[in-house]
Amino acid sequence: MSRVLCGPSFPVEPARTALGALARIEAGAPPWSGDDVEALLTFEPVSAEDVARLPALRVVATPSVGFDHVDVAAASARGVWVCNVPDYCVDEMADHSLALLLALVRGVVELDRSVRAGRWDYEAAGTLRRIQDVRLGIVGFGRIGRALARRALALGMDVSAYDALVPDAEVAAAGVRPLSLDALLAASDAISVHAPLTPDTARLIGADEIARLPRGALVVNAARAGLVDTGALLAALERGDLGGVALDVLDVEPPDAETPAPAAPRLVVNPHAGWYSERADEAAVTRAVGCVRDVLEGRRPPNAVNDPTR
């Protein structure tokens with residue numbers, strides 16, 4: 001019987017039910033170790049050192065779209081599959097990103113705070129805009145970026161997109177204007193970030209990129225904190241260069257005493273909730289466990305981000 005460890009964020013009982021007599025399911029946590037561990041089901045980091053301490057490891061499955069928390073190169077070198085769930089929360093992420101954007105455009109959160117503070121002022125959130133007047137720039141035109149574009153177009157927004165890996169013709173076919181990153185920043189009243197976090201995209205939106213945005217622009221990041229220089233973003237908001245910022249991801253999650261959650265006027269912060277719905281939660285667990293089952297039974301897993309057989 002194979003031994004499988006579930007990280008703190010992964011529910012043990014559904015894995016036990018799904019894998020049955022195929023594996024012994026146990027709760028675990030990094031740093032990972034165990035001579036007989038064949039699979040990890042986890043959203044927690046898996047480093048090269050972890051892989052080295054797991055000589056029997058065959059597969060790491062993460063119940064998430066992103067897999068930047070797993071050292072894929074180290075896993076591949078050891079013949080270990082790495083699997084994600086790339087499309088389980090596309091609608092949720094697009095819905096949440098749009099909700100954050102609309103909250104900034106219409107000042108919903110800022111107005112709520114002002115009423116609770118004893119004010120009754122429709123200008124408490126500054127100048128508000130019509131949704132159809134927003135020029136939205138989408139940074140990253142994968143599944144989630146495209147789903148957001150469909151929603152934004154339906155609301156009458158002017159939408160452009162940048163993605164170094166997607167041909168311009170493919171962007172245009174979706175009814176969206178393809179632009180370079182610099183051109184998109186200069187032309188957008190609001191941007192929403194949806195690129196995967198890789199060494200090439202880390203700090204894709206830094207201080208220089210933020211400075212190219214029009215004064216009063218809005219920024220939404222519900223993808224990965226590492227895609228954006230959050231410090232530069234908050235500094236621009238404090239200076240008044242930006243009209244609002246919405247973050248569903250932070251550099252330190254959850255915030256702690258040393259790195260508390262940022263707080264500022266015209267800033268909305270959510271607890272990495274964009275992926276969540278009951279349906280998405282169930283799908284993430286089920287499909288990650290399915291990848292483990294396939295590997296343990298000798299099949300090539302779906303949604304593998306590497307090919308350790310090469």
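**Turns, crossings and cores in a predicted model**

Reader: In the loop between which strand and which helix does Arg203 lie?

Author: Arg203 belongs to a loop, and the elements on either side of this loop give its place in the predicted model. The loop runs between strand 9 (190-193) and helix 9 (207-212).

Reader: What is the phi of Arg203, and is this residue buried, partly exposed or exposed?

Author: Although Arg203 is a residue other than glycine, its phi is positive, near 55°. Its relative accessible area is 40%, and a residue counts as partly exposed when this value is neither under 20% nor over 50%. Arg203 is therefore partly exposed.

Reader: Which residue in the loop between strand 12 and helix 11 has a positive phi although it is not a glycine?

Author: The residue in question lies in the loop between strand 12 and helix 11, and its phi is about 50°. That residue is His272.

Reader: Which residues are joined by cis peptide bonds, and where do the prolines Pro31 and Pro254 lie?

Author: One cis peptide bond, with omega about 0°, joins Pro30 and Pro31, and Pro31 is placed in the loop between strand 2 (23-27) and strand 3 (37-41). Another cis peptide bond, with omega about -10°, joins Glu253 and Pro254. Pro254 is placed in the loop between strand 11 (242-247) and strand 12 (267-269).

Reader: How many Å separate the C-alpha atoms of Gly142 and Ala195?

Author: Gly142 is in the loop between strand 6 (135-139) and helix 6 (143-154), where its relative accessibility of 32% makes it partly exposed. Ala195 is 53 residues away from Gly142 along the chain. The C-alpha atoms of Gly142 and Ala195 are nevertheless separated by 7.4 Å.

Reader: Are helix 1 and helix 11 parallel, perpendicular or oblique to each other?

Author: The axes of helix 1 (residues 12-19) and helix 11 (residues 278-296) come within 10 Å and cross at roughly 45°. The crossing is right-handed. Because 45° lies outside the ranges for roughly parallel, antiparallel and perpendicular axes, helix 1 counts, relative to helix 11, as oblique.

Reader: Which residues make the contact between helix 1 and helix 11, and how many of them are charged?

Author: Helix 1 contributes Pro14, Ala15, Ala18 and Leu19, while helix 11 contributes Val285, Val289, Val292 and Arg293. By class, the contact has 7 nonpolar residues and no polar ones, and the number of charged residues is 1.

Reader: Which residues touch the most other members of the largest nonpolar core?

Author: In soluble globular proteins, nonpolar side chains tend to be buried together. Here the largest nonpolar core has 55 residues, of which helix 11 gives the most, with 9 residues. Apart from this core lies another, of 25 residues, among them Val139, Leu181, Leu233 and Val245. Within the largest core, the residues that touch the most other members are Val4, Leu41 and Val292.

Reader: With which residues is Val292 in contact, leaving aside its neighbours within four places in sequence?

Author: Val292 is part of the contact of helix 11 with helix 1, and it also belongs to the largest nonpolar core. Leaving aside its neighbours within four places in sequence, Val292 is in contact with Val4, Leu19, Ala39, Leu41, Val59 and Ala61.

Reader: Is Ser2 buried or exposed?

Author: Ser2 is found in strand 1 (residues 2-6). Not counting residues up to four places away in sequence, it touches Leu22, Ala23, Arg24, Glu38 and Leu296. Its relative accessibility is 10%, which is under the 20% cut-off, so Ser2 counts as buried.

Note on methods: Residues are numbered from 1 along each chain as its sequence is written. This is a predicted model: local features need pLDDT of at least 70, side-chain atom pairs count only at pLDDT 80 or more; totals for chains, interfaces and linings use all residues. Side-chain values use heavy atoms; hydrogens and water are left out. Axes are lines fitted to C-alpha atoms, for helices over the stretch in contact, and angles run from 0 to 180 degrees between N-to-C directions. Helices (H or I, at least four residues) and strands (E, at least two) are DSSP runs, numbered from the N terminus. Angles under 35 degrees count as roughly parallel, over 145 as roughly antiparallel, 65 to 115 as roughly perpendicular and the rest as oblique. A crossing is left-handed if the near helix is turned anticlockwise from the far one by less than a right angle, and right-handed if clockwise. Contact means heavy atoms within 4.5 Å. Ala, Val, Leu, Ile, Met, Phe, Trp, Tyr, Cys and Pro count as nonpolar, Asp, Glu, Lys and Arg as charged, and the others, Gly among them, as polar. A nonpolar core is a set of buried Ala, Val, Leu, Ile, Met, Phe, Trp, Tyr and Cys residues joined through side-chain atoms within 4.5 Å. Buried means under 20% relative accessible area, exposed over 50%, partly exposed in between (1.4 Å probe, protein chains only).
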